[in-house]
Structure formats: C-alpha cells, structure tokens
Amino acid sequence: MFSFCTDPDTLDTGRWLACYLTTGRHLNFYAAFGTVLILLAITAPSALAFGFAGASAARSGFAPLRWLGKGYIAIVRGVPDIAFFLFFVIALDQGLEYLRHVTLCPNWEEPIRQGANFLVCPEAKLPLSSAPQWVHEGYGFALAVLTFAIVFGAFAANVLFGAMQAVPRAQIETAEAYGMTRRQTFRRIVVPQMWVYALPGLGNLWMVLIKATPLLFLLGVEDIVYWARELGAAKTPRFSDYPHPDWRMWYFLALLIFYLAFTRVSEVVIARLSDRLSHGQATAAGEALRKARA
Amino acid sequence: MEGCLQTIADYALRSVGIGERLLPRTDFTLCQQFTLIGSGLIWNVYFGVLALLSGFVLATVVALGKAATNPLLRKPAEWFIFVFRGSPLFIQFFFAYFLFLSLKQVVPWTEPLSTAALGALVVLFLNTAAYSGEIFYGALRSVPKGDTEAAAAYGIEGWTRFRRITWPTMLRLAWPAYTNEAIFLFHATTLVFFTGFPARQQQGDALYYAQYFADKTFNPFVPYPILAGYFILLTLVIIGIMGAVNRHLNRHLPQAAGKRPRLLPQIMR
C-alpha cells in the first residue's frame with residue numbers, strides 16, 4: 001500500500017502496523033464488513049416480506065392457510081435458529097437442483113440419492129460447474145440471504161401478527177359497518193395502523209438480526225469471522241512477510257467492539273424513530289412526550 | 001429391534017465418552033441417528049441447566065446494581081449488561097476461547113477454561129446473567145410502590161423487606177419473560193461446538209451430531225427434523241417446569257391458576 005512497505009523487516013512498530021493493516025488480505029477483511037451490511041440491507045426487507053405473508057396467512061379465514069401460517073411461526077421459534085441455518089442451506093440447494101433436474105433432464109434414469117451422494121444431471125447443477133468464481137460466491141450468498149429471510153421472517157410474522165391483533169377492534173367494526181369487504185378492511189384499515197404497534201417488536205428484531213450476522217460464517221460465506229480467524233492465526237516468517245504470534249483474540253475483540261458500536265447506534269436511532277412515530281399519538285408514549293415538552 | 005437396543009447401549013452415552021469409541025461411518029440407520037443426536041442433548045441440558053442456575057444468582061446482583069443510586073455500583077452493572085447484550089453470543093464464544101488460550105500460556109492452571117465443558121459454560125453463564133439481569137431490572141422497577149410502603153408500615157425494613165417483599169414480587173413480574181430467556185438459552189447452547197471450543201474425541205452436542213450425519217449422508221431431511229423434534233420436546237419441558245414455578249410464585253393471587261407463561265411471548269433475545 002505505502003511506498004515504504006517494500007521491506008517490512010526493517011520498519012519500526014508504527015510503520016510496520018500501517019503496512020500490516022493494509023495488506024491485500026486485510027483489505028478483504030474490511031470488505032467483509034461491507035458484506036455484513038449488504039446482508040442486513042437485503043435481509044431486513046425480505047424478512048419483513050416473509051413476516052407479512054406469514055402474519056396474513058396466520059389470520060386468514062381459510063383454515064389450511066391459517067395452520068400453515070401458525071405452524072411456520074411456531075416451528076421456527078421452537079427450534080434453535082442455527083439448526084435452521086445449517087438445514088436450509090443444504091435443503092434449498094438440493095431442492096433447487098432437484099427442480100432443475102426434473103425439468104431439464106426428463107430422460108435421466110439413475111436415482112438421485114445414491115448412498116451418500118446427491119447426483120443430478122450436469123445441466124441441473126447450481127451453479128453450473130463451468131460458471132466463473134463470482135457466480136459460485138454469489139449463489140452461496142443468495143442462499144444465505146434466503147435462509148436468513150425464512151428464519152427471521154417467522155420472528156417478524158410473530159411481531160406483525162401481534163400488531164395486527166392490536167389494531168382497535170372498533171376500527172375494524174366501523175369499516176365493516178361501512179360495507180368494506182374483509183380484503184378492503186385489511187388493506188385500508190389494519191395495515192396502515194399496525195406499524196405503530198409493530199415498531200417495538202421490529203426494533204428488537206433488528207437487533208436480533210444484527211447479532212445473527214456472524215452466523216454467515218457457518219453458511220460458508222467468507223465473512224468477518226472467517227477473515228478474523230485467518231488473519232489472526234500465528235504466522236511464521238517462512239510464509240508471511242509479517243510474522244506474528246496468535247492474534248485471534250485481538251481480532252475478535254475488534255469484532256466485538258464493531259458489534260457493540262453497531263447495536264448502540266441502532267438503539268439510538270430506533271429510540272428517535274419511536275419518539276417521532278409517537279409524536280401526537282393518543283398513546284401513553286405520545287402523552288409522555290407532550291408532558292415532557294410542556 | 002435387537003439391533004436398535006444394541007445401538008442404544010453403544011451410543012446413548014457416547015457424547016460423554018461412555019460406550020463405542022468410533023462413530024458409525026457407513027450404513028446409517030434411523031436408530032443410530034435418534035440415539036446419537038439424543039446423546040448429544042446431554043450437553044445441551046448440561047450447559048443450559050448449569051448456566052441458568054448460576055446465571056440466576058448473578059442476574060439478581062446485576063439487576064440490583066443497575067437499580068442502585070450509587071454510580072460505583074450502577075455503572076459496572078450497566079456496562080456488563082451493555083457488553084453482553086450488545087454483541088453476538090457467537091463472537092463472545094470466539095473471543096473467550098482465544099482469550100482462554102492466551103491465558104493458558106501465562107497461567108497454566110487455567111487450562112480447564114479452554115475446554116468446552118468449563119469455558120463455554122462461563123460464557124453462557126455471563127451471557128444469560130446479562131439478559132436476565134435486564135429482565136429482573138425491568139421487573140424491579142415495576143414492583144408496586146404500595147407493596148414496599150405497606151411493608152414499611154408493618155416495620156419490615158432493609159434486608160428483610162427485600163427478601164420477603166421486593167424480591168418475590170420482582171420474580172413474579174419477571175417470570176414470563178424469564179421463561180422466554182430460558183428457552184433461548186437452551187437454543188443458544190447449540191452454538192458452543194461451532195466456535196472453536198473443541199469437541200474432544202467427537203464428544204459433541206445434539207447439533208454437532210446432527211451436522212455429522214447431514215455431512216456424511218448429504219441428506220439434511222433426516223437428522224435436522226430429529227434434532228428439531230428433540231428441541232421442541234425440551235422446550236415443552238422447560239415451559240412445564242417454569243409454569244410450575246410461576247404457579248408457585250402466584251399462588252397467593254386470586255386468579256393465579258389461569259396465568260401461565262405463554263408459548264410465544266412477544267419479548268425475545
């Protein structure tokens with residue numbers, strides 16, 4: 001990175017650190033923080049979408065759909081989320097490959113499960129074995145995002161279901177009295193009003209989501225945990241220009257501080273948002289704001 | 001059936017090092033998967049129960065610390081809760097493991113801390129103490145003023161008042177949220193063997209064995225549902241026990257019987 005980095009052995013501590021912290025592999029490490037942010041930016045809205053679908057299904061008038069919604073919420077919440085992560089990444093991959101196999105290779109004779117192997121025809125492989133490296137990485141990341149969305153969608157569904165129930169009954173009855181259909185009531189009355197009730201739960205969920213991002217490591221994505229382990233491990237002079245003992249503890253300390261800062265900032269932003277939404281509302285929080293101002 | 005009984009005899013205590021030394025390598029039967037994953041559950045229960053019991057004591061101390069007016073008591077409690085609630089448990093495990101490894105170099109007798117059985121337990125203990133401490137702190141602030149005033153009127157003061165009035169009321173108010181925390185703690189125990197803490201001689205927890213089978217058979221549709229079934233049973237047991245405690249705490253109230261901790265409360269970790 002810097003011009004004086006050509007011979008690290010001769011440098012004093014400050015310059016050595018400056019060179020060490022800007023090696024190519026460290027830049028990858030910093031880029032991985034971006035991966036975490038991208039994951040959050042994509043996962044949060046998609047989890048919300050899954051949650052909305054789950055919550056709408058759970059209060060549907062059609063019984064099988066209702067059972068599906070309630071079952072989705074209950075099962076994901078009753079089982080450790082990490083088990084779902086490990087399960088969905090393989091299950092989704094195999095499911096997609098199986099679907100492609102059935103459509104692309106109708107004449108394939110051999111069974112797909114052969115002992116400990118899962119064999120589909122070469123055209124059905126995902127991604128194709130001829131695809132460039134970035135497609136493989138992108139596919140892995142996409143599977144991870146979908147897995148996160150499914151698992152946290154269930155949590156979001158639980159929150160949104162509660163918020164939909166919290167919309168005052170009188171509002172819905174009034175809508176019915178005006179002759180609105182069930183669907184119209186839902187779209188025009190329930191959905192616009194539920195957000196105030198959902199905000200505390202969704203804020204909590206956002207924090208849970210932030211704290212779940214290191215699990216990307218278990219899904220095989222080269223994330224910050226992966227790089228912290230790689231870079232922190234002891235390096236000998238033979239294999240590295242920057243030999244050092246085992247520093248993994250310090251790398252994980254840095255990650256710890258990153259997450260503490262991230263959750264702290266989120267907390268402050270959510271508190272502001274909650275104040276703004278409660279402003280002028282006929283709720284206890286709105287009343288407290290009014291009194292504080294007077 | 002004969003074969004299955006033999007499998008249970010061989011592997012039921014495999015996770016604690018009793019029984020067959022080698023894990024099954026080929027021709028996995030359903031019986032083997034049920035037995036080994038169930039065997040791993042011993043570790044989840046070990047971590048969960050010990051962390052919950054020890055964490056309960058520290059959580060009470062932390063809650064009192066956070067509610068104290070003296071900043072020398074309040075600040076450490078606030079920071080403790082902030083650090084453990086604000087960062088992912090996954091990273092805490094990693095950091096603690098490497099911290100214990102470095103510590104071992106300097107102070108040799110701390111070596112047991114770098115094993116899962118003790119080191120991971122310490123992390124879970126501190127983590128659950130922080131989460132429960134926050135729950136207890138919230139409950140402590142909601143103890144009705146009338147209760148403590150009535151106690152004062154009867155001449156019950158100081159430590160006696162805390163032990164007989166404030167603390168039981170705090171527990172009663174906190175219990176539904178605390179039940180939720182207990183469930184999530186048991187779920188969190190599945191992280192241990194994915195974070196550096198070594199599974200010595202392949203003695204791991206339920207998820208460790210489930211992943212072993214999923215990797216070997218490349219079929220996630222058998223081991224993970226088995227694991228899920230075990231955990232749903234475990235969750236029901238926790239709800240049953242915590243519900244019994246809740247009834248005991250509320251036994252003096254008129255409609256005590258009707259109020260059980262709900263299966264899906266809103267508050268979460």
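Read from the N terminus, chain B of this predicted model follows the pattern α-α-α-α-α-α-α-α-α. The chain thus contains nine helices and zero strands. Along the principal axes, the C-alpha trace of chain B spans about 75 × 50 × 30 Å.

Confidence was examined for the complex and for each chain. The predictor assigns the complex an ipTM of 0.86 and a pTM of 0.86. Chain B has a mean pLDDT of 88, with 94% of its residues at 70 or more. Within chain B, helix α1 (residues 2-11) has the lowest confidence, with a mean of 82, whereas α3(B) has the highest, at 94. Residues 263-267 of chain B have a pLDDT below 50, and this stretch has eleven contacts in the model beyond near neighbours in sequence. Where pLDDT is low, the predicted coordinates should not be read in detail. Chain A averages a pLDDT of 84, and 96% of the residues score at least 70. Among the elements of chain A, helix α2 (residues 24-58) has the highest mean pLDDT, 90, and strand β1 (residues 113-114) the lowest, 69.

The UniProt record, an unreviewed entry, places the feature "domain: ABC transmembrane type-1" at residues 41-243 of chain B. In the model, residues 41-243 of chain B are 79% helix and 0% strand, and the end C-alpha atoms of this span are 22 Å apart. For chain B the unreviewed UniProt entry also lists "transmembrane region" at residues 45-67, 79-100, 112-131, 182-201 and 221-245. Two of these spans were considered individually. Residues 79-100 of chain B are 91% helix and 0% strand, with 22 Å between the end C-alpha atoms. Residues 112-131 of chain B are 80% helix and 0% strand, with the end C-alpha atoms 26 Å apart.

For chain A, "transmembrane region" is placed by UniProt (unreviewed entry) at residues 30-53, 74-92, 139-161, 189-209 and 249-270. The model gives 100% helix and 0% strand over residues 30-53 of chain A, whose end C-alpha atoms are separated by 36 Å. Residues 189-209 of chain A are likewise 100% helix and 0% strand, and the end C-alpha atoms of that span are 29 Å apart.

Helix packing was examined within each chain. In chain B, the axes of α5 (residues 116-141) and α7 (residues 158-188) come within 9 Å and cross at roughly 155 degrees. As this angle is over 145 degrees, α5(B) is therefore roughly antiparallel to α7(B). The crossing of α5(B) and α7(B) is right-handed. On the α5(B) side, the contact is formed by Leu124(B), Thr128(B), Tyr131(B), Ser132(B), Ile135(B), Phe136(B), Ala139(B) and Leu140(B). These meet Met170(B), Leu173(B), Ala174(B), Ala177(B), Tyr178(B), Glu181(B), Leu185(B) and Ala188(B) of α7(B). By class, the residues of the contact between α5(B) and α7(B) comprise 13 nonpolar, two polar and one charged.

In chain A, α2(A) packs against helix α3 (residues 63-78) at an angle of about 130 degrees, with the axes 7 Å apart. The two helices, α2(A) and α3(A), are therefore oblique to each other. Their crossing is left-handed. Helix α2(A) contributes Gly54(A), Ala57(A) and Ala58(A) to the contact, while α3(A) contributes Leu65(A), Arg66(A), Leu68(A), Gly69(A), Lys70(A), Tyr72(A) and Ile73(A). The residues of this contact between α2(A) and α3(A) divide into six nonpolar, two polar and two charged.

The contact between the chains takes 36 residues from chain A and 34 residues from chain B. On the side of chain B that touches chain A, at least two residues each are supplied by α3 (71-86), α4 (89-106), α8 (206-217) and α9 (223-249) of chain B. Helix α4(B) gives the most to this side, with seven residues. The side of chain B that touches chain A is made up of 22 nonpolar, ten polar and two charged residues.

Note on methods: Residues numbered from 1 in each chain as written. Chains lettered and ligands numbered in written order. Predicted model: local features only at pLDDT ≥ 70, side-chain atom pairs only at ≥ 80, totals over all residues. Axes fitted to C-alpha atoms, helices over the stretch in contact; angles between N-to-C directions. Helix = DSSP H or I, 4+ residues; strand = E, 2+ residues; numbered from the N terminus. Parallel < 35°, antiparallel > 145°, perpendicular 65-115°, else oblique. Left-handed = near helix turned anticlockwise from the far one by under 90°. Contact = placed C-beta atoms within 7 Å. Nonpolar A, V, L, I, M, F, W, Y, C, P; charged D, E, K, R; others polar. UniProt positions renumbered as here; feature names shortened; annotations may be inferred. pLDDT = per-residue confidence, 0-100.
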